[in-house]
Structure formats: structure tokens, C-alpha cells
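The exercises below are meant to be worked with the model open on the screen. Try each task before reading the solution that follows it.

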Amino acid sequence: MRRVTAFLTLSFALLIAACGGSGSSGASSGGGPGDATAGRTFFASSVCPTCHVITGVPSAVGQVGPKLDGIGTTAATRKPGMSAEAYIRESIENPQALISPGFSAPSPMPPNQATGRDLDNLVAYLVSLK
Ligand code: HEC
């Protein structure tokens, strides 16, 4: 009888471990890498496309800002020592931090149009545009 109890206890423990383990909750912010697919959806339905072209995103036809095609590559060259991910994140949080070549200050781009998990996802999407 003892053995059965021990077995059941162990099974129960394993079950809890399996359920509670490494599941990532989509709603939480700031944790882990973003989801590029969700980022694309967010981008398409946000204010961004009114100012930026991304080829393949039908709504993204705005020409106020630079084309974002290839931004995952370009962004890594903007500031020495700054990764593409960090530059894109900074551009969204604080557009005045670095004015893209060919544009003049102040930037008309509104700051903080994405926050929390939306920002993580948006950054992951833009970084993926190589
Ligand atoms: C009102 C127009 C406008 C909106 C809306 C806008 N942007 Fe911009 N964006 C600009 C302009 C103009 C620049 C270039 C000047 C600068 O560096 O801020 C720019 C620059 C950028 C850059 C840097 C590009 C580079 O090559 O250095 C990124 C990345 C960017 N925007 C992403 C976004 C995202 C993502 C959104 C939506 C959350 C967005 N923008 C919304 C106008 C806009």
C-alpha cells in the first residue's frame, strides 16, 4: 500500500511539473523573445503603416518615414556597438534618439506606439526583415 501511495505522489508531482513548466504566456510583457508573426499583425493594424512602407504589407504605403524593408540589417549599422534589436526598440520608444540619415529633426514619429508584449513582438518582426 505504501508503494502505491508513493507512486501516486510521484505521478502527481510529474503531472504538475509537466503543466507548470516552461509554458510562455502570451499576455505577459517583457519576458523572452517576441513573436514575429504577432508583431506583423500588430504592425499592420497600428499607426506605423501610415508613415512606413514594408513591401508585402498591403496597408504599409506611408512615405513620411524611411522604408522599413531590410530594417533588420540596416538597424545594426545605425549606431556603433548597438544591435539591430536595440536600435529598433529605441527608435520606437524614442524616435528623437537618432534621426535616420536623410531625415531632419525633430522626427514627426510619435513615441511609444507599442508597449509591453506588443513592443517585444513588433521588434521581433522588424528584426526579421533582412
Ligand atoms: C508620423 C509618421 C510616423 C509614424 C506614425 C511612425 N514613424 Fe517611424 N519614422 C518616421 C520618420 C520620419 C522616421 C525617420 C526619422 C527618425 O529617425 O525618427 C522614422 C524612423 C523609424 C525607424 C528607424 C528607421 C531607420 O532606418 O533608421 C524605425 C525602426 C521606425 N520608424 C519604426 C516605426 C514603427 C514600428 C512605427 C509604429 C509603432 C512607426 N515607425 C511609426 C515616421 C513615422
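**Exercise 1. The pocket and its lining**

Which helix supplies the largest share of the lining of the largest pocket?

Solution. Keep in mind throughout that this is a predicted model. Begin with the fold as a whole: the protein has five helices and zero strands, so that its elements, read from the N terminus on, run α-α-α-α-α. Next, narrow the choice to the helices that matter here, since α3, α4 and α5 each supply at least two residues of the lining of the largest pocket. Among the contributors to this lining, the largest share, four residues, comes from α4. To find the middle of the pocket on the screen, select His52, Pro66, Leu68, Ser91 and Met109, which lie nearest its centre among the 31 residues that line the pocket. The volume of the largest pocket is about 590 Å³, and its lining, sorted by class, has 20 nonpolar, eight polar and three charged residues.

**Exercise 2. The ligand and its shell**

Establish where the ligand sits, and describe the residues that surround the ligand.

Solution. First, the location: the space that the ligand takes is the largest pocket. Second, the shell: 25 residues surround the ligand, and Cys48, Cys51, His52, Tyr87 and Met109 are the closest. Third, the elements involved: α3 (71–78), α4 (84–93) and α5 (116–127) each bring at least two residues to this shell, with α4 giving the most, namely three residues. Fourth, the chemical classes: the shell divides into 18 nonpolar residues, six polar ones and one charged one.

**Exercise 3. Polar contacts with the ligand**

Which ligand atoms lie across from histidine 52, tyrosine 87 and proline 95, and at what distances?

Solution. Take the two side chains before the backbone, and use 3.5 Å as the cut-off for a pair of N or O atoms. A nitrogen atom of the ligand lies 2.8 Å from a polar side-chain atom of histidine 52. For tyrosine 87, the partner is an oxygen atom of the ligand, placed 2.5 Å from a polar side-chain atom of the residue. Proline 95 takes part through its backbone, where an N or O atom lies 3.4 Å from an oxygen atom of the ligand. Each of the three pairs falls within the 3.5 Å cut-off.

**Exercise 4. The loop between α4 and α5**

Work along this loop and record the backbone geometry and the exposure of the residues picked out below.

Solution. Start with glycine 102, which lies in the loop between α4 and α5 and is exposed, because its relative accessible area of 83% is over 50%. The C-alpha atom of glycine 102 is 8.7 Å from that of proline 66, although 36 residues part the two along the chain.

Move on to proline 106, which is also placed in the loop between α4 and α5. The peptide bond that leads from alanine 105 to proline 106 is cis, with omega near -5°. Serine 107, found in the loop between α4 and α5, is buried, because its relative accessible area of 18% is under 20%. The side chain of serine 107 reaches the backbone nitrogen of methionine 109 at 3.1 Å.

Finish with asparagine 112, another residue of the loop between α4 and α5, whose phi is near 50°, a positive value in a residue other than glycine. Asparagine 112 is partly exposed, with a relative accessible area of 44%. As background to these backbone values, most residues other than glycine have a negative phi, and most peptide bonds are trans.

**Exercise 5. Two helix residues compared with the cut-offs**

Are alanine 44 and arginine 117 buried, partly exposed or exposed?

Solution. Alanine 44 has its place in helix α2 (residues 36–45), and its relative accessible area of 31% makes alanine 44 partly exposed. Its C-alpha atom is separated by 6.8 Å from that of valine 57, 13 residues apart along the chain. Arginine 117 is found in helix α5 and counts as buried, because its relative accessibility of 16% is under 20%. The C-alpha atoms of arginine 117 and glycine 32 are separated by 9.5 Å, with their positions 85 residues apart along the chain. For the protein as a whole, 30% of the 130 residues count as buried.

Conventions. Residues are numbered from 1 along each chain as its sequence is written. This is a predicted model: local features need pLDDT of at least 70, side-chain atom pairs count only at pLDDT 80 or more; totals for chains, interfaces and linings use all residues. Side-chain values use heavy atoms; hydrogens and water are left out. A residue is near a molecule or strand if one of its heavy atoms lies within 4 Å of it. A polar contact is a pair of N or O atoms within 3.5 Å; within protein, one must be able to donate a hydrogen and the other to accept it, and residues adjacent in sequence count only if both atoms are side-chain atoms. On a 1 Å grid over the protein atoms alone, a cavity is a set of points where a 1.4 Å probe fits but cannot get out, and a pocket is an open set with protein on both sides within 12 Å along at least five of seven lines; lining residues have an atom within 4 Å of a point. A molecule sits in a cavity or pocket if more than half of its atoms lie within 2 Å of its grid points. Ala, Val, Leu, Ile, Met, Phe, Trp, Tyr, Cys and Pro count as nonpolar, Asp, Glu, Lys and Arg as charged, and the others, Gly among them, as polar. Grid points are joined across faces, edges and corners, and a volume is the space filled by probe spheres set on the points. Buried means under 20% relative accessible area, exposed over 50%, partly exposed in between (1.4 Å probe, protein chains only).
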